[in-house]
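Open the model in your viewer and keep the selection tool at hand. Each stop below says what to select and what is there.

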Amino acid sequence: MTRVGRQTPTQSVILPYSETKGNEAIKLYAMTGNELMEWQQLMLCDIMAVNADGLWTHSKFGYSVPRRNGKTEVVTSRELWGLFNGEHILHTAQLTDTAHIAWERLLNRIENLGIHPVSVLKAFGKEHIELDTGGVIEFRTRTTTGGLGSGYDLVVIDEAQEYTIGQQTALNYVVSAQKNPQTIMLGTPPTTESAGTVFKNLRKKVLSG
């Protein structure tokens with residue numbers, strides 16, 4: 001008998017919505033031969049909620065999940081949908097190895113669909129994938145000096161518990177010119193050793209209303 005844990009967050013603040021692109025992303029992901037768990041599907045629908053104008057209900061979305069529970073697969077699904085819909089995406093991580101693993105995971109899902117990317121770069125610290133839809137994703141390690149380009153529709157902040165104010169300042173401009181940008185922060189519950197304050201402060205502010 002398989003034990004299934006709690007499928008809803010212990011705490012969450014979600015803005016009201018009636019439409020979502022999440023179901024599209026869930027179906028696309030299922031075509032890779034993988035299946036999202038119930039909590040991942042629910043969260044993806046929340047992340048990809050849209051308003052009457054077709055804009056993201058949550059232009060910023062963050063979630064904190066303990067390690068080895070599948071939190072990265074949620075953004076992999078979001079990124080996969082984004083690539084097939086022509087988005088320009090930046091996936092950032094604190095460590096080069098983490099960014100590379102995320103690149104490998106997404107490329108695997110694309111290959112499982114039988115899709116051949118227009119361009120794939122494997123070089124550590126400069127990984128990218130481009131599809132013939134015009135969708136492009138780049139994987140980078142975060143710094144405080146910028147140099148990450150601009151014009152991204154989606155920015156993913158992986159290992160958000162380590163996301164510092166200096167790194168945030170360097171990333172602030174990369175989505176500023178887009179019509180419908182979205183930033184997703186994901187990480188594990190911060191410890192006393194976690195250097196980041198941005199994620200922690202955002203969580204505190206949201207939960208306090």
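The tour runs through helix packing and then a few single residues.

Keep in mind throughout that this is a predicted model.

**Stop 1: helix α3**

Select residues 71-84, which form helix α3. How many residues of α3 are buried? The count is 13 of 14, so the helix is largely enclosed by the rest of the structure. Step past its end to G86, which follows α3. The phi of G86 is positive, near 75 degrees.

**Stop 2: α2 against α3**

Two packed helices are described by the angle between their axes and the distance between the axes. Add residues 38-47, helix α2, to the selection. The axes of α2 and α3 cross at roughly 45 degrees and come within 10 Å. Angles from 35 to 65 degrees fall in the oblique class, and α2 and α3 are therefore oblique to each other. α2 passes α3 in a right-handed crossing.

Now show side chains at the contact. From α2, pick W39, Q40, M43, L44 and I47. From α3, pick K71, E73, V74, S77 and R78. Colour them by class: five are nonpolar, two polar and three charged.

**Stop 3: α3 against α4**

Keep α3 and hide α2. Select residues 96-112 for helix α4. What angle do α3 and α4 make where they pack? About 55 degrees, with the axes 10 Å apart. α3 and α4 are therefore oblique to each other. The crossing of α3 past α4 is right-handed.

On the α3 side, the contact holds T72, E73, T76, E79, L80 and L83. On the α4 side, it holds R105, L106, R109 and I110. By class, these residues divide into four nonpolar, two polar and four charged.

**Stop 4: R109**

Stay in α4 and centre on R109. Is R109 buried or exposed? With a relative accessible area of 11%, R109 is buried, because the cut-off for buried is under 20%. Draw a distance from the side chain of R109 to that of N108: a polar contact of 2.6 Å joins them. Then look beyond the sequence neighbours, leaving out residues up to four places away. R109 touches Y29, T32, N34, E73 and T76. E73 and T76 belong to α3 and appeared at the previous stop.

**Stop 5: I101**

Move along α4 to I101. I101 has a relative accessible area of 45% and is partly exposed. Select F139 as well and measure between C-alpha atoms. I101 and F139 are 9.9 Å apart in space and 38 residues apart in sequence.

**Stop 6: Q167**

Go to helix α5, residues 165-171, and pick Q167. At a relative accessible area of 6%, Q167 is buried. Which side chain does the side chain of Q167 meet in a polar contact? The partner is R142, at 3.1 Å.

**Stop 7: P181**

Finish in the loop between α5 and β9 (182-187), where P181 sits. P181 counts as partly exposed, at 22% relative accessibility. Show what P181 touches, again leaving out residues up to four places away: W56, S59, D153 and V175. For a last distance, add T133. From C-alpha to C-alpha, P181 and T133 are 18 Å apart, with their positions 48 residues apart in sequence.

How values were computed:
Residues are numbered from 1 along each chain as its sequence is written. This is a predicted model: local features need pLDDT of at least 70, side-chain atom pairs count only at pLDDT 80 or more; totals for chains, interfaces and linings use all residues. Side-chain values use heavy atoms; hydrogens and water are left out. Helices (H or I, at least four residues) and strands (E, at least two) are DSSP runs, numbered from the N terminus. Buried means under 20% relative accessible area, exposed over 50%, partly exposed in between (1.4 Å probe, protein chains only). A polar contact is a pair of N or O atoms within 3.5 Å; within protein, one must be able to donate a hydrogen and the other to accept it, and residues adjacent in sequence count only if both atoms are side-chain atoms. Contact means heavy atoms within 4.5 Å. Axes are lines fitted to C-alpha atoms, for helices over the stretch in contact, and angles run from 0 to 180 degrees between N-to-C directions. Angles under 35 degrees count as roughly parallel, over 145 as roughly antiparallel, 65 to 115 as roughly perpendicular and the rest as oblique. A crossing is left-handed if the near helix is turned anticlockwise from the far one by less than a right angle, and right-handed if clockwise. Ala, Val, Leu, Ile, Met, Phe, Trp, Tyr, Cys and Pro count as nonpolar, Asp, Glu, Lys and Arg as charged, and the others, Gly among them, as polar.
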